[in-house]
Amino acid sequence: MRRGGLVALLGVCLSACSPGYVLQAAYHQSKILLGRRQIEQVILDPDTPREEREKLKVVLQARVFASELGLTTGRSFTSYTDVGKDTLAWVVVASRKDSFALHQWWFPIVGTVPYKGFFDESAANAEGMRLESLGYESSIRGTEAFSTLGWFNDPVLSTTLKNPPSRIANTVIHESVHATVWIQGNVAFNESLANFVGMQGAVEFFTKQRDDCVAAQAACQPIEERLRAATRDKSFQLDFGDAVTDVIAKLETLYGRSDLSSEQKIALRQEVFAGAIGPFRRKYPDVSVLREVNNAEIVQYRLYLTQLRGFERLFLQSGSSWSTFLGAIRGIRDAVEKDPSTDPFKLLEDSTKKSS
């Protein structure tokens with residue numbers, strides 16, 4: 001399961017929390033930025049493995065395609081950094097056991113976010129244990145990429161290149177969305193938007209490559225395989241989003257019952273969870289996520305999977321025009337900036353109802 005842009009990393013370096021934490025994060029992020037090599041140079045380097053070279057070509061091609069969609073790429077994804085490990089960072093999310101009340105952190109620029117990133121796994125585990133001692137349950141996941149929202153020229157990382165080409169293209173497009181549109185204090189909207197654009201953009205990217213290949217009468221099987229993988233990933237993400245939406249709705253009904261104590265709600269939630277997530281697990285029996293109820297894990301996925309069908313409807317109602325779609329998204333952003341109490345998801349829902 002991919003885990004999206006760790007935009008909080010920028011806030012990590014600027015926040016006014018523990019000085020040791022800030023220095024550690026600044027050190028690791030500086031290593032990433034200072035270790036960049038131009039992708040063209042890496043591709044031309046005879047010591048670069050063939051598979052890595054081919055994936056870096058996908059990065060550059062996806063970057064151009066993202067620009068064609070109207071996304072802001074700047075100079076991001078023109079460089080490459082080998083981080084020397086399989087996981088870039090670890091993200092901590094914490095929630096109450098009898099509700100979806102998340103612990104919140106605040107960072108300059110990005111605002112309030114319901115997660116915190118660590119470059120050291122032991123530090124992430126320590127934070128998770130600290131929050132559990134306060135009555136929360138935590139979820140810790142690895143992440144492979146991050147965005148600085150256009151403040152720096154983000155490199156593509158070796159952790160991202162471990163993925164297949166379909167996921168690499170998705171990541172480049174996903175992270176470009178964060179530099180294009182960001183609504184402060186609305187992480188779920190930002191990440192879900194980027195998730196939709198990343199998966200839809202990847203399908204279109206490989207469709208265009210396939211069509212160009214066919215027109216050139218070349219061997220197109222590798223591109224066909226990438227297109228099928230991107231299409232499967234989109235279908236999975238939409239189904240996963242539906243499952244997460246369903247389980248959250250049913251658990252919220254349980255958590256909202258005034259006739260039950262906190263202990264009773266916690267005792268009943270596994271049964272509710274199993275019934276709601278069952279159809280998804282039968283369709284995707286090999287998926288490792290959501291094997292048992294954990295509010296922090298569930299809400300963590302909600303950050304990336306909220307109203308994916310709504311974004312898809314808006315895109316289709318925009319005539320599958322990216323300029324029209326992004327214009328509508330910017331309109332939502334402007335409305336929220338004018339009145340920060342406005343729910344961007346409600347505006348998304350309203351905009352698709354008007355168009356239907």
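Visitor: Between which two helices does the loop that holds S320 lie?
Guide: In this predicted model, S320 has a phi near 55°, a positive value in a residue other than glycine. The residue is partly exposed, with a relative accessible area of 38%. Its loop lies between α12 (308-317) and α13 (322-338).

Visitor: Is F77, which has a positive phi, buried or exposed?
Guide: F77 is not a glycine, yet its phi is about 65°. The residue is placed in the loop between α4 (50-68) and β2 (79-81). Buried means under 20% relative accessible area. The relative accessibility of F77 is 5%, so F77 counts as buried.

Visitor: Which strands are at the edges of the sheet that contains β2?
Guide: This open sheet has 3 strands in the order β1-β2-β8, with mixed pairing. An edge strand here pairs on one side only. The edge strands are β1 (37-38) and β8 (156-157).

Visitor: Which residue of β8 stands opposite Y80?
Guide: β2 and β8 pair in the parallel sense, over 2 bridges. Opposite Y80, in β8, stands V156.

Visitor: By what angle are neighbouring strands turned against each other, on average, in the sheet β6-β3-β7?
Guide: The sheet is open, and its 3 strands pair in the antiparallel sense. Its edges are formed by β6 (116-118) and β7 (136-143), each of which pairs on one side only. With direction ignored, the average turn between neighbouring strands of this sheet is 30°.

Visitor: Which residue is the bridge partner of A94 in β7?
Guide: Strand β3 covers residues 89-96 and pairs with β7 in the antiparallel sense over 8 bridges. In β7, the partner of A94 is S138.

Visitor: At about what angle does helix α11 run to β7?
Guide: Helix α11 comprises residues 295-305. The helix lies across both β3 and β7. Its angle to β7 is about 50°.

Visitor: Is the ring pair of F240 and Y301 stacked, edge-to-face or tilted?
Guide: The count of aromatic pairs in the model comes to 18. For F240 and Y301, the ring centres are 5.1 Å apart and the planes stand at 55°. Planes under 30 degrees apart count as stacked and those over 60 as edge-to-face. The angle of 55° therefore makes the pair of F240 and Y301 tilted.

Visitor: How many residues apart in sequence are the parts that F240 and Y301 tie together?
Guide: F240 belongs to helix α9 (residues 221-255), whereas Y301 belongs to helix α11. F240 counts as buried at 0% relative accessibility, and Y301 counts as buried at 12%. Because the two rings lie in these two helices, their pair ties together parts whose separation in sequence is 61 residues.

Visitor: Over the ring of which residue does the charged end of R302 sit?
Guide: Two arginines may be considered in turn. The charged end of R96 sits over the ring of Y136, 4.0 Å from its centre. For R302, the charged end is 5.6 Å from the centre of the ring over which it sits, that of F100.

Visitor: Which residues do ring pairs link into a cluster?
Guide: The links of this cluster are ring pairs. Such a pair requires ring centres within 6.5 Å. The residues linked are F189, F196, F311, F315, W322, F325 and F345.

Definitions and conventions
Residues are numbered from 1 along each chain as its sequence is written. This is a predicted model: local features need pLDDT of at least 70, side-chain atom pairs count only at pLDDT 80 or more; totals for chains, interfaces and linings use all residues. Side-chain values use heavy atoms; hydrogens and water are left out. Two strands pair if DSSP finds at least two bridges between them. Helices (H or I, at least four residues) and strands (E, at least two) are DSSP runs, numbered from the N terminus. Axes are lines fitted to C-alpha atoms, for helices over the stretch in contact, and angles run from 0 to 180 degrees between N-to-C directions. Contact means heavy atoms within 4.5 Å. Rings of Phe, Tyr and Trp (its six-membered ring) pair if their centres lie within 6.5 Å; planes under 30 degrees apart count as stacked, over 60 as edge-to-face and the rest as tilted. Buried means under 20% relative accessible area, exposed over 50%, partly exposed in between (1.4 Å probe, protein chains only). A charge sits over a ring if NZ of Lys or CZ of Arg is within 6 Å of the ring centre and within 35 degrees of the ring normal.
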